[in-house]
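Reader: I should like to study this structure through a series of questions. Please show it to me before we begin.

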Amino acid sequence: MSLPTDQQLIDFVIREARLLDQHRFDEWLDLFAEDGIYWMPLEWGQTDARLTASLMREDKLLLTIRVERLKGNRTFSQKPKSRCHHVLQTPQVDKRDEAANEYVTWTPMHYVETRYDDQQLYAAWATHTLTVIDGKLKIRLKRVDLVNSEAAFGNIQLFM
Amino acid sequence: MSRYRDNVEAVRNLVRPAEVHRDVYIDEEVFQLEMEHLYASTWVYVGHDSQIPNPGDYYGTTIGLQPVLMVRHTDMTVHVLYNRCPHKGTRITTETCGNAGKFFRCPYHAWSFKTDGSLLAIPLRKGYENTGFEESHAARGMAPVRHVHNYRGFVFAKLKDVGPGFEEFFGESLSSFDNMVDRSPVGKLEVAGGVLRYMHNCNWKMLVENQTDTCHPMVAHESSAGTAIDVWKKAPPGTKKPMAVEIYAPFVSPYEFFEQMGIRIWPNGHGHTGVHHSIHSDYSAIPGYFDKMIAAYGEERAKQILGENRHNTCYFPNLMIKGPIQLIRLFKPLAANKTLVESWTFRLVDAPDMLLERTLMYNRLINAPTSVVGHDDVEMYERAQEGLHVDANQWVNVQRLYRSEEKPDITAETNGTTEWQMRNQFHAWVKYMTLSMDGQAA
């Protein structure tokens, strides 16, 4: 693949959510470019990630720490394990910049995370900035804007 | 049945020299009494004055469960007002912060109040003529909290008249605030970045105790900090250690590290970890910062300020500050088993932006609802909140390095793994729970 079709972009975003729901975290990490970032802003319409707080702003090293921690025998907050479930609207292709090798999709979604008897529902918009590397789509930036990003949340242990 | 109300002895009996009854964590009546007595008789952190720089600026928060407004009056002084209209009780503001202009105006009947709370105007005022209105509660306007103190920008308030004044209550513990403020080349802090809010299903005191609990990091945080080190070890040789790894790694330092870092306790329940060094001691230098500090303070004083690396300073009852990384955490009690943790970050005015960047990274890696370190801790608090319902043993142990000759309300430096600071907090807890119970309430 050198120039992805819109359908390929859409399929990528949907598959990404499926990997999370199925706890296939190593495969999920492979979807990120080496300099890829996962970002959950704290503010509505946040533009700055450096001098404004974020709920999460992690490069591949930090994401790898999370994924490895989820497997750990002494990761007590994952005994029992959390589970998650994504319901996505069809991703919309907002931008195709073939010259810059950059594609942006926008996906409203509901995300459920559960542990024990507790089930939390979150509503969010996911914005994927994708690029093609060695013939495969990769995530340069996955931005998750929660509808109520400034609310006081309990633990969010998995990935939206 | 009321077990603790109007029973000072029963409240006192909840705390023994080295153990604490579970009801201080799980009993709703004890919690209610904490709100009425402990949180009303102590100096509780309200906010920072940089949140309200201009006349009319306000910030809404709570002291215990009491809704209050911190407001900048026209004469630039900071006032704390109860956030209700004296007329029908309507909350005056619902936005967390904003500017009221020259006066607050109740959205229900348009009563208005000066920014010190005093009544300014009532529509159709003649309806109150010859009614004795002047003698009413309502005529006094939005009630001010009478005891307010602004210490180098940090605003505290005490709801009741009982209890020591600000300086006596905090004493030498204020040195931790001094160190945080002095780290700015111009001696000034500003709230910056945004507050992280994290809901915990546990009692507020579990969080406070955790701040000086130095025997848990290498155990509870093995999963997060330990994994961070393991993953980092696989990086190609010569890779620069990222800021995030510098932040995570010290959490799993060995017991000796924490023993040697020391704990200092102060009267009235205050205390701090990291007398000699701390998990914040070995961060990489921020380019340009030390030079600015030397220019501002001279080399000797600059080294003295930056050589102080206190870990967690606990201000009784519910505030913790981290001077070396300009961060504070406020443990807001909501119920016996519910606590809202607010983690606030500060900019050192006139210092390089990279310091704020590090502060914000620390906050989201350690204190956000998405934080793996946070997940480790919450799991322990919530397990304790449940485990304490076991009837067979109703006591929590705080005996580590206890000596029967231990004196209350003194200043002392000791081994960094002691639970003396927890005992110190509970001594203060009894004192301020019972201070206004004997009918001396204001």
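Reader: At roughly what angle do the axes of helix α11 and helix α12 of chain B cross?

Author: This is a predicted model, in which local features need pLDDT of at least 70, side-chain atom pairs count only at pLDDT 80 or more, and totals for chains, interfaces and linings use all residues. Residues are numbered from 1 along each chain as its sequence is written, chains are lettered from A and ligands numbered from 1 in the order in which they are written, and side-chain values use heavy atoms, with hydrogens and water left out. Helices (H or I, at least four residues) and strands (E, at least two) are DSSP runs, numbered from the N terminus, while axes are lines fitted to C-alpha atoms, for helices over the stretch in contact, with angles from 0 to 180 degrees between N-to-C directions. The axes of α11 (residues 289-297) and α12 (residues 299-307) of chain B come within 7 Å, and they cross at roughly 125 degrees.

Reader: Which word describes the direction of α11(B) relative to α12(B)?

Author: Angles under 35 degrees count as roughly parallel, over 145 as roughly antiparallel, 65 to 115 as roughly perpendicular and the rest as oblique. The crossing angle is roughly 125 degrees. Therefore α11(B) is, relative to α12(B), oblique.

Reader: How do the residues of the contact of α11(B) with α12(B) divide into nonpolar, polar and charged?

Author: Contact means heavy atoms within 4.5 Å. On the α11(B) side are Y289(B), F290(B), M293(B), I294(B) and Y297(B), which meet residues of α12(B) including R301(B) and L306(B). Ala, Val, Leu, Ile, Met, Phe, Trp, Tyr, Cys and Pro count as nonpolar, Asp, Glu, Lys and Arg as charged, and the others, Gly among them, as polar. The contact of α11(B) with α12(B) thus divides into eight nonpolar, no polar and three charged residues.

Reader: Are α3(B) and α15(B) roughly parallel or roughly perpendicular to each other?

Author: The axes of helix α3 (residues 28-41) and helix α15 (residues 420-434) of chain B come within 7 Å and cross at roughly 85 degrees. Residues of α3(B), among them L33(B) and H37(B), meet A428(B), W429(B), Y432(B) and M433(B) in α15(B). From the crossing angle it follows that the two helices are roughly perpendicular.

Reader: Which strands stand at the edges of the sheet β2-β11-β10 of chain B?

Author: Two strands pair if DSSP finds at least two bridges between them. This open sheet has three strands, and the pairing is antiparallel. Two strands each have a single partner, so one side of each is left without a neighbour in the sheet. These edge strands are β2 (44-48) and β10 (147-151).

Reader: What is the bridge partner of Y45(B) in β11(B)?

Author: β2(B) and strand β11 (residues 154-158) of chain B pair in the antiparallel sense over four bridges. In β11(B), the residue bridged to Y45(B) is F156(B).

Reader: Which residue in the turn between β4(B) and β5(B) has a positive phi?

Author: Strands β4 (residues 66-72) and β5 (residues 78-82) of chain B pair in the antiparallel sense over five bridges. They form a hairpin with five residues between them. In the turn, a positive phi of about 75 degrees belongs to M76(B).

Reader: What is the area buried between chain B and chain A?

Author: Here, 36 residues of chain B are in contact with 34 residues of chain A. Buried area is the accessible area (1.4 Å probe) that two parts lose on being put together, summed over both. Carbon and sulfur atoms give 60% of the buried area, which is about 3000 Å².
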